[in-house]
Amino acid sequence: MLIGDWDISEAGARQWTVSFSSCDISSNSEWIEGSPIPVLFRNTTSFKTLTIKLMLNGSSREEILLARSDILARLLDPCKLTLDHYSHYFYGIMTKHSAPSELSMQRFHTLTFEFDCYEYSDEQTVSMSGVTQTEVINSGNILTPLVLEITPQEDLDTLEIQGVCRKLSITSGPLEEQRNTRTVTPILAADGTEILGTTDDAEETPILASDISWENDLPVIFTGLKAGVTITISGENGLISASDSDEIPEVELWELPTLMSGSNVIYVNSTAVDIVLRYCPRYM
């Protein structure tokens with residue numbers, strides 16, 4: 001097990017057991033007395049809690065207690081945990097730890113602590129160059145923060161990106177209903193046979209296409225971009241920066257960029273720009 005890049009085996013410790021929970025949720029839904037139907041709102045997620053037990057070995061009681069102290073000191077700051085036999089990572093903060101359990105006072109102790117965190121997997125990178133749209137498949141199952149890196153190939157008065165911020169209704173059905181969609185209308189030949197489309201009634205289908213409807217999207221708008229200057233918007237830490245200046249660039253956005261679980265269609269209104277999207281899928 002690693003705390004950051006530090007292996008707990010250096011303190012004579014090893015991972016013994018881990019108890020997992022899913023993310024905490026909060027709900028404002030209620031059934032008002034006298035109402036025939038409830039008022040239902042989308043839940044919001046919070047920390048997940050890990051309960052971790054470590055086994056500490058040493059040649060003396062003093063050595064074991066010092067090792068325990070070293071481990072707890074490294075958990076005072078927010079940190080990344082890499083657990084044995086798990087491919088995902090956990091980032092958060094220790095919230096509680098137990099008193100020493102000295103099963104054999106001179107040989108080994110156990111240390112139990114609770115860790116409030118979020119779960120994520122390896123960083124994924126998607127690049128866009130010379131195209132106006134692409135599809136990003138997010139393997140996570142909850143909203144995932146996104147880092148945008150925008151590098152214009154020429155000076156641009158304005159640049160607009162869609163598909164990274166969205167207007168999610170708090171009372172509607174599944175998130176899939178609010179993905180970017182297009183309306184497919186059938187085209188009929190002279191003999192009445194269908195050339196393109198589906199049925200006589202238009203239907204909405206999540207698809208990568210030029211006639212996407214962005215009614216649920218909140219665009220990110222950049223102003224006064226300079227050729228070769230990279231603008232970075234981090235959904236992870238909220239920082240907006242430019243590679244050639246300490247000044248905040250002119251950006252209009254409604255929320256920090258994120259990806260939904262599954263398919264995400266990303267659109268930009270110019271091909272004269274290189275875009276890199278970085279994200280670590282998040283899990284419930």
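These questions and answers go through a predicted model of one protein chain.

Reader: What makes up the chain, in helices and strands?
Author: The chain has 1 helix and 28 strands. It holds 284 residues, and 38% of them count as buried.

Reader: How confident is the predictor in this model?
Author: The mean pLDDT of the chain is 84. Of its residues, 82% reach 70 or more. Strand S7 (residues 79–82) has the highest mean among the elements, 98. Strand S19 (residues 203–205) has the lowest, 38.

Reader: Where is the pLDDT below 50?
Author: One such stretch is residues 181–188. In the model it has 37 contacts beyond near neighbours in sequence. Residues 194–214 are also below 50. That stretch has 57 contacts of this kind.

Reader: Why is Thr-258 called buried?
Author: Buried means under 20% relative accessible area. Thr-258 has 15%, so the word applies. Thr-258 belongs to strand S25 (residues 258–259).

Reader: What makes the pairing of Thr-258 and Arg-166 a polar contact?
Author: The cut-off for the N or O atoms is 3.5 Å. The two side chains meet at 2.8 Å, which is within 3.5 Å, so the distance fits the term. Arg-166 is also in the contact list of Thr-258, along with Leu-143, Pro-145 and Val-164, among others.

Reader: Why is Phe-90 called buried?
Author: The cut-off is again under 20%. Phe-90 has a relative accessible area of 2%, so it counts as buried. Phe-90 sits in strand S8 (residues 89–97).

Reader: Which residues touch Phe-90, beyond those up to four places away in sequence?
Author: Among them are Phe-20, Leu-50, Cys-79, Leu-81, Phe-115 and Tyr-118. Lys-80 is another. Phe-90 and Lys-80 are 10 residues apart in sequence. In space, their C-alpha atoms are 5.6 Å apart.

Reader: How do you know that Arg-282 is buried?
Author: Its relative accessible area is 13%. That is under 20%, so Arg-282 meets the definition. Arg-282 lies in strand S28 (residues 282–283). Its contacts include Tyr-118, Asn-141, Ile-142 and Glu-236.

Reader: What makes a group of residues a nonpolar core?
Author: The residues must be buried, of listed types such as Ile and Phe, and joined through side-chain atoms within 4.5 Å. The largest such core here has 26 residues. Ile-150, Phe-222 and Ile-275 have the most contacts inside it. In soluble globular proteins, nonpolar side chains tend to be buried together.

Reader: Which strands supply at least two residues of this core?
Author: They are S11 (124–129), S14 (147–152), S15 (156–162), S21 (220–225), S22 (231–234), S26 (262–268) and S27 (273–279). S27 gives the most, with 4 residues.

Reader: What does Phe-222 touch, not counting residues up to four places away in sequence?
Author: Its contacts include Ile-150, Leu-159, Ile-161, Ile-231, Ile-233 and Val-251. Apart from the largest core lies another, of 25 residues. Met-1, Ala-11, Leu-72 and Met-94 are among its members.

Reader: How far apart in sequence are residues that are in contact?
Author: Take the contacts between residues at least 6 apart in sequence. Of these, 74% join residues at least 24 apart.

Reader: How much accessible surface does the chain have?
Author: It comes to about 15700 Å². Carbon and sulfur atoms account for 51% of that.

Note on methods
Residues are numbered from 1 along each chain as its sequence is written. This is a predicted model: local features need pLDDT of at least 70, side-chain atom pairs count only at pLDDT 80 or more; totals for chains, interfaces and linings use all residues. Side-chain values use heavy atoms; hydrogens and water are left out. Buried means under 20% relative accessible area, exposed over 50%, partly exposed in between (1.4 Å probe, protein chains only). Contact means heavy atoms within 4.5 Å. Accessible areas come from the Shrake-Rupley method with a 1.4 Å probe; for residues, only the protein chains shown count as cover. pLDDT is the predictor's confidence in each residue, from 0 to 100. A polar contact is a pair of N or O atoms within 3.5 Å; within protein, one must be able to donate a hydrogen and the other to accept it, and residues adjacent in sequence count only if both atoms are side-chain atoms.
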